[in-house]
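Work through the exercises below with the sequence and the model open. Try each task before reading its solution.

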Amino acid sequence: MKLKEALKIAQEKLKDAREANYLLSAFLRRDFSYLLAHPEEEFEGSPAELLRWIEMRSRGVPLAYLSHLKEFYGRQFYLDQRVLIPRPETEILIEEAISLGRELRGGTHGGEGLTFFDLGTGSGCIAVTLALEFEEAEVLASDISPDALEVARINARIHRVEDRISFFEGDLFSPLRKPVDAILANLPYVPEKWVKGKAELSFEPPSSLIGGESGAETVFRMLEGAPRWLKDPGFLLAEIGEGEEKLLEKAKEAFPDAQVSLIYDLQGLPRVLKIKK
Ligand SMILES: C[S@@+](CC[C@H](N)C(=O)[O-])C[C@H]1O[C@@H](n2cnc3c(N)ncnc32)[C@H](O)[C@@H]1O
């Protein structure tokens with residue numbers, strides 16, 4: 001079978017040309033432009049496996065769970081259904097963490113002497129990215145899910161930072177033994193009823209999405225516990241969903257002497273709660 005024939009099969013079965021293009025390039029691990037430029041080249045792969053991908057994709061399984069890959073902040077991460085698929089919005093949190101981390105305590109580029117805490121690490125995309133961006137910093141990462149921690153450890157090994165990240169299992173701050181310079185938290189923040197109605201979210205672990213009935217319960221609990229664990233100077237960045245006003249209020253109550261603000265995404269939605277001591 002030639003590449004153009006494989007593409008035709010995918011397009012016919014998925015009834016969506018764009019999806020078919022994405023699927024075939026992920027399947028062959030080639031840029032789509034390469035597939036377009038080489039239609040006569042032989043399809044190298046198992047046709048049965050391609051049909052399995054197409055069937056799963058047409059049932060709504062996210063492509064990242066089929067390819068086991070997702071790009072985050074310019075790097076490829078291993079993924080499976082034990083963890084949330086990293087979202088582009090989380091790169092806002094990373095960019096801010098890098099900028100604040102470089103300013104902290106007189107500005108050390110490699111993060112010498114700094115400790116970052118990635119709370120709710122999931123695939124480990126935040127912890128691994130920080131370990132790579134701050135080569136001398138200590139990175140702690142925790143999750144309540146032992147399954148997620150296995151995936152995070154795989155990513156630490158792939159990116160060769162397994163010796164620089166300490167992984168812990170536990171609820172919120174319970175694994176910490178000493179305060180840290182920065183807390184990066186992408187905890188679940190979607191309301192329970194909202195997830196139930198969304199077919200596209202049904203493949204991801206509910207515990208990585210649902211933040212209680214209102215969506216904000218876990219982030220609220222995190223804000224209550226955080227003051228004890230954040231050094232001065234230090235910063236906390238938390239990805240958030242709806243209910244930003246109540247979260248701002250809670251953050252100001254928990255950190256009355258800090259600068260508390262929101263960072264917005266390109267659509268103008270509040271995405272990250274920023275607390276700077
Ligand atoms: C939204 S996912 C974020 C995953 C990853 N950090 C990312 O940005 O793609 C939230 C993660 O928090 C974990 N989690 C949920 N409740 C938690 C809690 N109370 N304490 C620690 N981790 C929790 C979930 O298991 C899940 O892996």
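**Exercise 1.** Find which residues of helix H8 are buried, and where they sit around the helix axis.

*Solution.* Step 1: Take the conventions. This is a predicted model, in which local features need pLDDT of at least 70 and side-chain atom pairs count only at pLDDT 80 or more, while totals for chains, interfaces and linings use all residues. Residues are numbered from 1 along each chain as its sequence is written. Helices (H or I, at least four residues) and strands (E, at least two) are DSSP runs, numbered from the N terminus.

Step 2: Apply the burial rule. A residue is buried if 20 or more other C-beta atoms lie within 10 Å of its own, exposed if 12 or fewer, and partly exposed in between, with C-beta atoms placed from the backbone. In H8 the buried residues are Ala148, Leu149, Val151, Ala152, Asn155 and Ala156.

Step 3: Look down the axis. These residues are on the same side of H8, because they cover an arc of only 160° around the axis. The arc is that of the directions from the helix axis to the C-beta atoms.

Step 4: Name the partners. Strand E2 (75-78), H7, E4 and E5 pack against the buried residues of H8.

**Exercise 2.** Check the span of H8 against the expected value, then look at what follows the helix.

*Solution.* Step 1: The expected span of a helix is 1.5 Å times one less than its number of residues. For the 13 residues of H8 the rule gives 18 Å, and the end C-alpha atoms are 19 Å apart, which agrees.

Step 2: Arg160 follows H8 and has a positive phi, near 55°. Arg160 belongs to the loop between helix H8 (146-158) and strand E5 (165-169).

Step 3: Arg160 counts as exposed because it has 11 C-beta neighbours inside 10 Å.

**Exercise 3.** Describe H1 by its span, its buried residues and what covers them.

*Solution.* Step 1: H1 has 12 residues, which should span 16 Å at 1.5 Å a residue; the end C-alpha atoms are 16 Å apart, in agreement.

Step 2: Leu3, Ala6, Leu7, Ala10 and Leu14 are the buried residues of H1. They fall within an arc of 100° seen down the axis, so they line one face of the helix.

Step 3: The cover over the buried residues of H1 includes H2, H3 and H4. Here two residues are in contact if their C-beta atoms, placed from the backbone, lie within 7 Å.

Step 4: After H1 comes Lys15, with a positive phi near 55°.

**Exercise 4.** Do the same for H2.

*Solution.* Step 1: H2 runs over residues 17-28 and has 12 residues. From its first C-alpha to its last, H2 reaches 17 Å, close to the 16 Å expected.

Step 2: Ala20, Leu23, Leu24 and Phe27 are buried in H2. Their arc around the axis is only 95°, which puts them on the same side of H2.

Step 3: Helix H1 (3-14), helix H3 (32-37), helix H4 (47-58) and helix H5 (63-67) are among what covers the buried residues of H2.

Step 4: Arg29 follows H2, and its phi is positive, near 55°.

**Exercise 5.** Locate two further backbone features: the positive phi of Leu172 and the cis peptide bond before Pro233.

*Solution.* Step 1: Recall the background. Most residues other than glycine have a negative phi, and most peptide bonds are trans.

Step 2: Leu172 has a positive phi, near 40°. Leu172 is in the loop between E5 and strand E6 (180-185). With 19 C-beta neighbours inside 10 Å, Leu172 counts as partly exposed.

Step 3: The bond from Asp232 to Pro233 is cis, with omega near 0°. Pro233 lies in strand E7 (residues 230-239).

**Exercise 6.** Describe the shell around the ligand.

*Solution.* Step 1: There are 23 residues around the ligand, and Gly120, Gly122, Ser145, Asn186 and Ser208 come nearest. A residue is near a molecule if its C-beta atom, placed from the backbone, lies within 6 Å of it.

Step 2: Helix H7 (125-133), strand E4 (138-143) and helix H10 (206-209) are the elements that give two or more residues to this shell.

Step 3: The shell divides into 10 nonpolar, 11 polar and two charged residues. Ala, Val, Leu, Ile, Met, Phe, Trp, Tyr, Cys and Pro count as nonpolar, Asp, Glu, Lys and Arg as charged, and the others, Gly among them, as polar.
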